[in-house]
Amino acid sequence: MGRENVENWSVRKCSKECAKCDKEFVDKEVLFSKLSFDDGEYVRQDFCAACWDKGNPGLSSWKTTFIVPPPPAEEAVKKENAESLLRKLLTKENEEDLNAIFILMVMLERKKIFIERDTKKAEDGRKLRFYEHKKTGESFIVTDPELKLDELEHVQEEVVVLLGGQPRNAVPEPETPTEPTASTDETD
Ligand SMILES: [Zn+2]
């Protein structure tokens, strides 16, 4: 299997053909994407409807639609926005960027650029969220830092600064990303 140009560990592109029968996907074809954790790495496989094995869903899987990727030239002229910043931070793979990455993802999900596909607990106990880019079909794997409300505000301000805006300005407020717990566990 050709692993062309893997940019970073958390973004996996949609294949152009079925992982089993090698049939090339056509625009708008319904296919099945499967993520597995294999040898310390996330592996994504895409299957045509005929080859999809429901009984073997891997770490996570979902049904999606193949979209012919837009030409790369379009990307080059875009200025820095939430999406390009997200991609940049993911490429750097810095642990300290996890909070900002998560906030950006929440912003982009609200803008309907990404759809959340699944959540899973990683082996180290951290919560992983799987997102799919609506236009390109790429899978994004993001660690949910499970921020508390006050931390959330702080990280949002950082992100706005990174985006070239001013802190404490009209920030699109992400919805509380974690499920509200019935009883609050405040320490004091
Ligand atoms: Zn197939």
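Two strands count as paired when DSSP finds at least two bridges between them. In this predicted model, strand β5 meets that condition with β6 (residues 127-133), for 7 bridges join the two strands, which run antiparallel. Within this pairing, K121 has K127 in β6 as its bridge partner.

## The open sheet

The pairing of β5 and β6 belongs to a wider arrangement. An open sheet is formed by 4 strands in the order β1-β7-β6-β5, with antiparallel pairing. Which strands stand at the edges of this sheet? They are β1 and β5 (114-121); each has a single partner strand, so one side of each is left without a neighbour in the sheet.

Strand β6 also contains E132. Is E132 buried or exposed? Its relative accessible area is 3%, and E132 is therefore buried, since buried means under 20%. The side chain of E132 makes a polar contact with the side chain of W62, at 3.3 Å.

## The zinc site

The model also holds a zinc ion. Its protein donors are the SG atoms of C18, C21, C48 and C51, which lie 2.3 to 2.4 Å from the ion. The angles among the 4 donor atoms are 101 to 118°, and the site is tetrahedral. Along the chain, the donors of the zinc ion follow the spacing C-x2-C-x26-C-x2-C. C21 lies in the loop between β1 (11-12) and β2 (30-38), whereas C51 lies in the loop between β3 (41-48) and β4 (60-65), so this pair ties together parts that are 30 residues apart in sequence.

The accessibility of these two cysteines can be stated as well. C21 has 38% relative accessibility and counts as partly exposed, while C51 has 14% and counts as buried. Another cysteine, C14, is buried at 18% relative accessibility. How many disulfides does the model contain? The count comes to 0 disulfides.

## Aromatic pairs

A pair of aromatic rings is described by the distance of the centres and the angle of the planes. The count for this model comes to 5 aromatic pairs. One of them is formed by F25 and F66, whose rings lie 5.4 Å centre to centre with 45° between the planes, a tilted arrangement. F25 lies in the loop between β1 and β2, and F66 in the loop between β4 and α1 (73-76), so the pair ties together parts that are 41 residues apart in sequence. A further pair is formed by F47 and W52: the ring centres are 5.7 Å apart and the planes stand at 45°, so this pair is tilted. Ring pairs also link F32, F47 and W52 into a cluster.

The table gives the relative accessibility of the four residues in the two pairs described above.

| Residue | Relative accessibility | Class |
|---|---|---|
| F25 | 6% | buried |
| F66 | 6% | buried |
| F47 | 10% | buried |
| W52 | 16% | buried |

## Summary

Three features of the predicted model have been described. The first is an open, antiparallel sheet in the order β1-β7-β6-β5. The second is a tetrahedral zinc site with C18, C21, C48 and C51 as its protein donors. The third is a set of 5 aromatic pairs, among them the tilted pair of F25 and F66.

Notes: Residues are numbered from 1 along each chain as its sequence is written. This is a predicted model: local features need pLDDT of at least 70, side-chain atom pairs count only at pLDDT 80 or more; totals for chains, interfaces and linings use all residues. Side-chain values use heavy atoms; hydrogens and water are left out. Donors are N, O and S atoms within 2.8 Å of the metal (3.2 Å for Na, K and Ca); water is not among the atoms, so sites may look incomplete. Four donors count as tetrahedral if all angles lie between 85 and 135 degrees; four count as square planar and six as octahedral if opposite donors are over 155 degrees apart and all others between 65 and 115; anything else is irregular. Buried means under 20% relative accessible area, exposed over 50%, partly exposed in between (1.4 Å probe, protein chains only). Rings of Phe, Tyr and Trp (its six-membered ring) pair if their centres lie within 6.5 Å; planes under 30 degrees apart count as stacked, over 60 as edge-to-face and the rest as tilted. A disulfide is a pair of cysteine sulfur atoms within 2.5 Å. A polar contact is a pair of N or O atoms within 3.5 Å; within protein, one must be able to donate a hydrogen and the other to accept it, and residues adjacent in sequence count only if both atoms are side-chain atoms.
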